[in-house]
Amino acid sequence: MTTRRMTVAQALVEFLANQWTVDGDARERTIPGMLGIFGHGNVAGLGQALAQANAQEPTLMPYYQARNEQAMVHQAVGFARIHRRRATLASTASVGPGAANLITGAALATANRLPALLLPSDTFATRVADPVLQQLEHPHDLGIQVTDAFRPVSRFFDRVQRPEQLFSIALAAMRVLTDPAETGAVTIALPEDVQAEALDVPEEFLAPREWHVRRPPAEGWALAAAVEAIRSAQRPVIVAGGGVLYSGAEGVLRAFVEGTGIPVGTTQAGGGSLNWDHPQYLGGVGATGTTAANRITGQADVVLGVGTRYSDFTTASRTVFQNPDVRFVNLNIAPFDAYKHGSQLPLIADAREALTALAEALAGHRVTAGYATWIAEEKAEWDATADRALAPTETQAPGQAALLGQPALIGAVQRASDPRDVVVQAAGSLPGDLHKLWRVRDPLGYHVEYAFSCMGYEIAGGLGVKRGLEALGDDRDVIVLVGDGSYLMLHTELATAVAEGIKIVVVLIQNHGYASIGHLSETVGSQRYGTRYRYRDAAELNFERGDFLPVDLAANARSFGIDVIEVAPGPDAAARLEDAVRTAKASSTSTLIHIDSDPFVYAPDGEGWWDVPVAEVSDLESTRTARSAYLEQRQRQRPLLG
């Protein structure tokens, strides 16, 4: 057996560079690059290995610099989604706080079922110099370190405590990264001394290796049961989730619904499964859904869920499915999700394979004319409602300049965008408004991270999306929408965009606080307490009535070297925002557009609900009123769906 003398870090870098994902005719590198911030825990290990690889062969494992460890994982997730989970990026961080900063990103990747490879450093495996800088010390267990916190947020976790363990750990990690049913955050903890230790590495470990994506067909009995359920249904509906896109099943889904007439509502992850103007598309479903999707889904007798986790937003906290006899056919490659909500009709299979089989088995079957008419009427009603919300309408309080509400702002950005552009968002009120109002015109055009809904994801995730598109040779634009709350959480990756010449368009919406939680606070009777960005009142000890903070976020963005366009409040703000977006799209570099909005203008009601508990007792009248409304909504919840 031929071997080479290498450090653990050098061997891992070369191993990762030679892993390939194969999905039908598509073949691409599973890990085409590594993001990293170096400290004493990884500078002599993975840092040295990346430097050596760059000196010998720059394309072997390109290194990308970042400004925050959490943002590295967000970039990897954005990259992975645009590649339909066939590729992702690795992230390396130092011990202690560097490793800990990766944890939020790990949780986000796992919650979204998206692959990300995390390589946090660990303290000395030999413990030769305990306690070292940034090491935890638990008197009851000296072996516990920061990296142990990755266990509950990772789909795979292991620690290379001896050099010889690298081989089995690396192979096991790759299996999970490329498994569509198991994927998520994959964490390999690397003690700083082990990274630099040498071992004899077999050439076969370093040789190119292919990982074929599993596309299992449905079992015969399950397919037959699903076909029987759909045939017997009077009001069937499809809930399309992210699994449709990860499987590349959007074309098959379109043909299936055109053949049967069955309508489709999408989850946040499923946005793009059908274009917005398709006759069978009802829009988003659930807590942030449309009236069309929620009314029809509410009366459905059979729900075909395709690649969805059935989160509480999708089910409107189990209030959207009101038909007492509703049955769920759950098509999902992951058994865990296929059995959700008590389904007795799990269809455990790849979405594309199973939808193809369903289409063949249901050839000639079509919904009734009466149901088709209802679908068309509800869709037309919602489309007209959305038209009004997206129109360029400003609001104006006495003595103040006119401001755009968020729906009109979304409309302006939409009108200035191209059909294939990708909109990126994650947290606040924007995901809900986009779910209702953004008119998706391309399968990859809607990128809203809403499994973890992590504030600060937007800019870093947008960079990851753009990296992923560039790797595919796709020159479409990435438009990041971000509120001031999320921007302040994690805006430093603007420096990364400037340093690497990565072009994204960032629309920064100034709300002077947390607009989404402010609205939610009102619904639970807390009256926006603690959600405004204002000076602290020294007498009342709160932030409720002080003046707005004089923070200039446009100047902040400009300080990173990014181009900035400020859209001032006033008449024709929507038209000027459209012009700004077109100018930014025409530029070859990143641009941030700053605009003030009216946070009290909301998107149209889609008749969805979200269960956020309200205090059972309170001295505040507002809370007591909210509690009564909450109890009324809870009467509609179904404790177990069937």
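Biologist: Let's start with helix α12. Which of its residues are buried?

Modeller: Happy to begin there! The buried ones are Thr291, Ala292, Ala293, Asn294, Ile296, Thr297 and Gly298. Please keep in mind that this is a predicted model.

Biologist: What makes you call α12 mostly covered?

Modeller: A residue is buried when its relative accessible area is under 20%. In α12, which runs over residues 291–298, 7 of the 8 residues are buried, so "mostly covered" is a fair description. The buried residues pack against β12 (236–240), β14 (281–284) and α15 (369–390).

Biologist: Let's move to helix α9, residues 220–232, where Ala226 sits. How do you know whether Ala226 is buried or exposed?

Modeller: Its relative accessibility is 1%. The limit for buried is under 20%, so Ala226 counts as buried.

Biologist: And which residues does Ala226 touch, beyond those up to four places away in sequence?

Modeller: Val329, Leu347 and Leu358. A contact means heavy atoms within 4.5 Å, so each of these residues has to meet that limit with Ala226. There is also a pairing to look at in space: Ala226 and Leu331 are 105 residues apart in sequence, yet their C-alpha atoms are 9.3 Å apart.

Biologist: Now Thr623 in helix α24, residues 621–634. Why is Thr623 called buried?

Modeller: The reasoning is the one used for Ala226. Thr623 has 5% relative accessibility, and buried means under 20%, so the label holds. With neighbours within four places in sequence left aside, its contacts are Val524, Gly525, Val614, Ala615 and Ser618.

Biologist: Why is Val43 called partly exposed?

Modeller: Partly exposed lies between the buried limit of 20% and the exposed limit of 50%. Val43 has 47% relative accessibility, so it belongs in that middle class. Val43 lies in the loop between β4 (34–36) and α2 (46–56).

Biologist: Which residues make up the nonpolar surface patch that includes Val43?

Modeller: Phe38, Val43 and Tyr63 form it, with an area of about 240 Å². A patch residue needs over 30% relative accessible area, and Val43, at 47%, therefore passes that test.

Biologist: What makes the backbone of Arg318 worth a second look?

Modeller: Most residues other than glycine have a negative phi. Arg318 is not a glycine, yet its phi is positive, at about 65°. Arg318 lies in the loop between β15 (302–306) and β16 (327–332). Its relative accessible area is 28%, which falls between 20% and 50%, so Arg318 is partly exposed. Arg113 also has a positive phi, near 55°, and sits in the loop between α5 (103–111) and β7.

Biologist: What kind of peptide bond joins Asp130 and Pro131?

Modeller: A cis one, with omega about -10°. Most peptide bonds are trans. Pro131 is in the loop between β7 (116–122) and β8 (156–159).

Biologist: Finally, how do you know whether the whole chain agrees with a compact globule?

Modeller: For 642 residues, the globule rule gives a radius of gyration near 26 Å; the chain has 25 Å, so the two agree. The C-alpha trace spans about 70 × 70 × 55 Å along its principal axes, and 59% of the residues are buried. The chain holds 24 helices and 25 strands. Among contacts between residues at least 6 apart in sequence, 76% join residues at least 24 apart.

How values were computed
Residues are numbered from 1 along each chain as its sequence is written. This is a predicted model: local features need pLDDT of at least 70, side-chain atom pairs count only at pLDDT 80 or more; totals for chains, interfaces and linings use all residues. Side-chain values use heavy atoms; hydrogens and water are left out. Patches are made of residues with over 30% relative accessible area and no salt bridge: like charges are joined within 9 Å, nonpolar side chains (Val, Leu, Ile, Met, Phe, Trp, Tyr) within 5 Å. Accessible areas come from the Shrake-Rupley method with a 1.4 Å probe; for residues, only the protein chains shown count as cover. A salt bridge is a side-chain nitrogen of Lys or Arg within 4 Å of a carboxyl oxygen of Asp or Glu. Helices (H or I, at least four residues) and strands (E, at least two) are DSSP runs, numbered from the N terminus. Buried means under 20% relative accessible area, exposed over 50%, partly exposed in between (1.4 Å probe, protein chains only). The radius of gyration is taken over C-alpha atoms; the globule rule is 2.2 Å times the number of residues to the power 0.38.
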